[in-house]
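Me: I'd love a close look at one small part of this protein. Could you walk me through it and then show how it sits in the rest of the chain?
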Amino acid sequence: MTSRLAGGSLTHGGLTEPSRWVRRWAHLIAPGGAVLDVAAGSGRHARWLAGQGHPVTALDRDAAALATLHDVAGVATWVCDLEDAPWPLATDARFAGVVVTNYLHRPLMPCLIDALAPGGVLIYETFAQGNETVGKPSNPAFLLAPGELLAVCTPALRVIAYQDGFLSRPREAYIQRICAVREKSTSLSLERAGNVPENQVLPVPRYDLTG
């Protein structure tokens, strides 16, 4: 299910602008880091992220939609069935960023988290329960339960920002959205193993909230 809505607005050519949530948190993705765009459709995020200097792999089952990205520098497309076929990427494929918007297939969640490299950022936004009262999607299979996205991401990821609520624009919708990081664990592992010299100051992760 890939209806295109929360946080975008129509532009020329029938495309939509990137989600405000994606733009809000994309600065946390390592400069030049590879990004995976899941259920990319015609690539509003793939185009924008490539324009920010990220090589992007765009996955979708809609070959015609992905074909519109063939001439976009920095974007590689992959036509695949994300729901009725095995995960299409190699088990060791890792990305500095994974972006998913307006799409939910719960069995994919472990794959998305595993696809994050150390320091990698998950930016996810989709519909939540309550949306059936204002429009589509209304099928419970496509609507997150209260707190579900947060629960899925923890404790594997450090949550930087999370929202679960209602938006009135660009049209009424109930959504959940999260920005979470797979933290680099070397220093933490050394500390727990007692291998850090006394008085040594460990690096503190910094996640800029202002963009």
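Is threonine 57 buried or exposed, and what is its relative accessible area?

Reply: Happy to help, and do keep in mind that this is a predicted model. Threonine 57 counts as buried because its relative accessible area is 19%, and the cut-off for buried is under 20%. This residue lies in strand 2.

Now for its surroundings. Leaving aside residues up to four places away in sequence, threonine 57 touches Val35, Leu36, Asp37, Ala76 and Phe95. With valine 35 the C-alpha separation is 6.3 Å, although the two residues are 22 apart along the chain.

Strand 2 (56-60) also takes part in the packing around helix 2: the buried residues of that helix pack against strand 2, and likewise against helix 1 (20-25), strand 1 (35-38), strand 3 (75-79) and strand 4 (95-101). On helix 2 (residues 44-51), the buried residues are Arg44, His45, Ala46, Leu49 and Ala50. An α-helix has 3.6 residues a turn, so residues three or four places apart point the same way. After helix 2 comes glycine 53, with a positive phi near 95°.

Stepping back to the whole protein chain, you will find six helices and seven strands, in the order α-β-α-β-α-β-β-α-β-α-β-β-α. Of its 211 residues, 43% are buried. Among contacts with a separation of 6 or more, 57% link residues 24 or more positions apart. The chain exposes about 10600 Å², and carbon and sulfur atoms supply 54% of that area.

Methods:
Residues are numbered from 1 along each chain as its sequence is written. This is a predicted model: local features need pLDDT of at least 70, side-chain atom pairs count only at pLDDT 80 or more; totals for chains, interfaces and linings use all residues. Side-chain values use heavy atoms; hydrogens and water are left out. Buried means under 20% relative accessible area, exposed over 50%, partly exposed in between (1.4 Å probe, protein chains only). Helices (H or I, at least four residues) and strands (E, at least two) are DSSP runs, numbered from the N terminus. Contact means heavy atoms within 4.5 Å. Accessible areas come from the Shrake-Rupley method with a 1.4 Å probe; for residues, only the protein chains shown count as cover.
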